[in-house]
Amino acid sequence: MARPDRSPEIDAALLRAVSEHPRDLVAMVAAQLGLSPSRISMQVRGLVAGGYLIKQGSTRPTYALGKNRRFARGYSRAGLAEDRVWYADLLPLLAHLPRNVLDIAHHGITEMVNNAVDHSEAREVSIWMDCSSGGLRFSVVDDGIGIFRKITRALDLPDERLALLELSKGKLTTDPQRHSGEGIFFTSRMFDVYRIESGSLVFDHDAKYVLDLLDDAHEVAGTRVVMRIATDATRTVEAVFDEYSSGPDDYAFARTVVPVRLARVGDQNLVSRSQAKRLLQRVENFRHVVLDFAEVAGIGQAFADEIFRVFANAHPDVELLHVHAAPEVQQMIRRAEVLRDEQGGQLPLLK
């Protein structure tokens, strides 16, 4: 007879109960879930082997949390408070982590849970956490409308894939009265890996804004956010905010990096003024804008002119820079710069 598969729900129940029931853990969880003690004992053995539980004694054993930590729970979205999730459920399991990692975890979880509560229109929000093998991993999943679909509708975008471009810029929110639009931008830069899956699309900051397409069998209903950071990471929340502020005495979100290739839809070439306007949507809200031309082999004259002459002339207070431009791209940029300089403007260049 085949052994039953491991159950995340049983794991979660055991790890939640062990602090208050170290001596009767198996019996208590078996009664709580309506399962046999032998079934619960099998699950306990797996947690002990994985370092999530410590067992002392054999005849009448006692249990305690191990050095590795795991958590899984679903919540009703209605009335869910992100600070309660952190302080009541996650912080007691993670208090042993270095302060900087703990601060990043706190920021990421509360921002992503708050986004799900306020924007997803979901019925349920599920949170999973695993801290083991030198890494801390989270996922926040909702069964709502889907983040890319919601952004597409809110901004009236012609293609859902362009929602990834808007996310990459920052200062994006569908509810400006209650949100600054900074949560995803800064969270994605605090973690080693940050990934959003929704529908058939994937936004992956770890791979420099990779746009992946999921096949039909793996499409995500709602939104799944995955975050990972090494437990010995040296990054701090303050350092990430400082990187995108104007200076040491100004903490405004003033700098962004825009991956130009995300302005393409499918196999499009970047040639038109309408594509350039799409790329530049909302960037006037920043003081320093870096356009990253990585993986862009060429651009059209109208596309370059709209950015480096028309927009630059219209927004002299925005410092417009570019990086990773191929020679063919540089040529088009220079042409637009010359025309702008002839009109008396100056355009900074970052090689």
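1. A quick definition to start: a residue is buried when its relative accessible area is under 20%, exposed when that is over 50%, and partly exposed in between (1.4 Å probe, protein chains only). Helices (H or I, at least four residues) and strands (E, at least two) are DSSP runs, numbered from the N terminus. Keep in mind that this is a predicted model, where local features need pLDDT of at least 70 and side-chain atom pairs count only at pLDDT 80 or more, while totals for chains, interfaces and linings use all residues. Residues are numbered from 1 along each chain as its sequence is written, and side-chain values use heavy atoms, with hydrogens and water left out.

2. Let's begin with strand β6, residues 193–199. Five of its seven residues are buried, so the rest of the structure largely encloses this strand.

3. Which strands does β6 pair with? Two strands pair if DSSP finds at least two bridges between them. One partner is β9 (residues 220–230), joined to β6 in the antiparallel sense over six bridges. Look for glutamate 197, whose bridge partner in β9 is arginine 224. Another is β7 (residues 201–204), also antiparallel to β6, over four bridges. Here arginine 195 stands opposite aspartate 204 of β7. With one residue between them, β6 and β7 form a hairpin.

4. Now for helix α11, residues 301–314. From first C-alpha to last, its 14 residues reach 18 Å, close to the 20 Å expected at 1.5 Å a residue. That expected span is 1.5 Å times one less than the number of residues. There's also a kink of about 25° in α11, centred on isoleucine 307. The bend at a residue is the angle between axes fitted to the seven residues ending there and the seven starting there.

5. How many residues of α11 are buried? The count is 10 of 14, making the helix mostly covered. Among the buried ones are Phe303, Ile307, Phe308 and Phe311, and the charged-sounding names Asp305, Glu306 and Arg309 are on the list too. Their cover includes α10 (273–280), β13 (288–292), β14 (319–323) and α12 (327–342). Contact here means heavy atoms within 4.5 Å.

6. Just past that helix, have a look at histidine 315, in the loop between α11 and β14. Histidine 315 counts as partly exposed because its relative accessible area is 24%. Its C-alpha is 9.8 Å from that of arginine 287, and the two residues are 28 apart along the chain.

7. On to the rings. Rings of Phe, Tyr and Trp (its six-membered ring) pair if their centres lie within 6.5 Å; planes under 30 degrees apart count as stacked, over 60 as edge-to-face and the rest as tilted. The structure holds three aromatic pairs. Phenylalanine 185 and phenylalanine 186 make an edge-to-face one, 5.3 Å centre to centre with 80° between the planes. Together with Phe241 they form one aromatic cluster. Phenylalanine 185 is buried at 1% relative accessible area, and phenylalanine 186 is buried at 2%.

8. Where do charges meet rings? A charge sits over a ring if NZ of Lys or CZ of Arg is within 6 Å of the ring centre and within 35 degrees of the ring normal. Arginine 189 does this over phenylalanine 185, 3.5 Å from the ring centre. Arginine 70 does it over tyrosine 52, at 4.0 Å.

9. Last stop: threonine 187, in helix α8 (residues 183–190). Threonine 187 is buried, with a relative accessible area of 0%. Leaving out residues up to four places away in sequence, threonine 187 touches His107, Gly108, Glu111, Met112, Tyr194 and Met227.
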